[in-house]
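Visitor: I am new to this structure and should like to understand the terms used for it. May I ask about them one at a time?

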Amino acid sequence: MNADFQDVVRRRRSVRRFEAGRSVDRAALQRIVDAGRWAPSGANVQCFDFIVVDEPAMRDAVTEVFLRQAQRLVDHAKGFPAVKKSYLANTVAIVLVLGDPRWKVCFPQPTSPDWEREYLDNNQAIFLCSLGAAVQNVQLAVAAEGLTSAWLSGGGEEITNRELSDLLGYPDWMRAYGTVPIGYPTEEEHRRYRRPLAQCLHWNRYNPEQYRRHAQVDFYESSLRPFAMYRHHEEMAAWPDRAEKLGDWDTAFTGPNPNPGGSLEPAADFSKPRVAGQATKRRQTRADES
Ligand SMILES: Cc1cc2nc3c(=O)[nH]c(=O)nc-3n(C[C@H](O)[C@H](O)[C@H](O)COP(=O)(O)O)c2cc1C
């Protein structure tokens with residue numbers, strides 16, 4: 001495989017600190033959006049538009065929208081380890097990837113009510129996956145230009161999207177599912193935690209020993225998430241406080257087989273957090289305070 005491609009894939013880090021006072025020329029921004037344009041989309045509908053904000057006054061107004069969005073997360077999505085969004089002030093540009101939901105009509109449609117479940121859910125998946133591919137291409141192109149970026153999903157929230165559509169002038173029934181602030185990194189692009197390849201790669205059929213048990217998801221959500229999101233190590237085995245942070249879950253997160261014995265579990269309700277842990281306690285404390 002082309003080593004340059006692997007290098008770009010690995011340098012596509014979410015970096016949330018940018019050098020102040022820099023700028024970038026529009027030719028680079030055009031190449032970045034052109035990469036987004038070449039993303040695959042269901043039925044080739046290209047259900048995305050790209051707004052590139054490179055004027056300082058507009059950038060500051062978009063930043064204000066995301067500062068308010070971040071405050072809503074603190075107030076109403078307790079326990080989620082978000083970082084402060086003031087770094088947006090140092091971006092050289094912000095690319096907003098808009099999703100246009102009308103194009104879902106071009107994906108496979110049920111011809112009778114019995115088949116609605118089969119097709120309508122999947123239409124939404126095709127739509128969102130197409131947008132994800134566009135955002136991903138944008139981020140890869142940013143890395144290929146020697147710049148860096150993050151991927152903000154707050155524009156998919158209704159209040160934030162309304163503020164963005166008022167500001168930027170797009171119809172409010174479109175949504176800014178992906179917002180990509182772009183800048184020059186202040187720090188070296190480090191690695192970020194990834195599961196071992198042997199744990200997520202299945203040859204020819206699903207290996208149940210590689211299955212992550214419900215309790216492992218609970219542990220990640222309640223205790224491990226902030227460290228897995230923000231620490232600069234590819235492997236948790238490199239964490240100096242590995243024993244303290246991982247405890248009994250060490251092998252499940254660092255080895256190839258999180259589920260020795262290979263028994264699977266029935267579906268369970270994961271629509272909200274299920275157990276108490278470090279993050280959950282914080283959530284509880286804040287709920288008690290409010
Ligand atoms: C769909 C999606 C939504 C995300 N939303 C946010 C976000 O709102 N804010 C943020 O700082 N990072 C966001 N991220 C970035 C992830 O936190 C990041 O990709 C992950 O922690 C892995 O880090 P890496 O991108 O450096 O490899 C999002 C990523 C994806 C794919």
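The conversation below concerns a predicted model.

Visitor: What makes helix H2 and helix H4 a contacting pair?

Guide: Two residues are in contact if their C-beta atoms lie within 7 Å. By that criterion Arg 31, Ile 32, Val 33, Ala 35 and Gly 36 in H2 meet Ala 134, Asn 137, Val 138, Leu 140, Ala 141 and Val 142 in H4. The residues of this contact divide into eight nonpolar, two polar and one charged.

Visitor: How do the axes of these two helices cross?

Guide: The axes of H2, residues 26-37, and H4, residues 116-144, come within 7 Å and cross at roughly 145°. The crossing is right-handed.

Visitor: Why are strand E1 and strand E3 said to stand at the edges?

Guide: The open sheet has four strands in the order E1-E2-E4-E3, and the pairing is antiparallel. E1 (48-53) and E3 (148-149) each have a single partner strand, so one side of each is left without a neighbour in the sheet.

Visitor: How do you know that E1 and strand E2 pair?

Guide: Pairing requires at least two bridges between the strands. E1 and E2, the latter covering residues 93-99, have six bridges in the antiparallel sense, so the requirement of at least two is met. Val 53 stands opposite Ile 94 in E2.

Visitor: What makes a residue part of the shell around the ligand, and which residues are around it?

Guide: The C-beta atom must lie within 6 Å of the ligand. The residues around the ligand are Arg 13, Ser 14, Arg 16, Ala 150, Trp 151, Leu 152, Ser 153, Gly 154, Arg 192 and Met 229. They divide into four nonpolar, three polar and three charged.

Visitor: Which domains does the protein have, and how far apart do their centres lie?

Guide: The domain assignment gives domain 1 (3-183) and domain 2 (197-289). Their C-alpha centres lie 27 Å apart.

Terms used. Residues are numbered from 1 along each chain as its sequence is written. This is a predicted model: local features need pLDDT of at least 70, side-chain atom pairs count only at pLDDT 80 or more; totals for chains, interfaces and linings use all residues. Axes are lines fitted to C-alpha atoms, for helices over the stretch in contact, and angles run from 0 to 180 degrees between N-to-C directions. A crossing is left-handed if the near helix is turned anticlockwise from the far one by less than a right angle, and right-handed if clockwise. Ala, Val, Leu, Ile, Met, Phe, Trp, Tyr, Cys and Pro count as nonpolar, Asp, Glu, Lys and Arg as charged, and the others, Gly among them, as polar. Domain bounds come from an automatic or database domain assignment.
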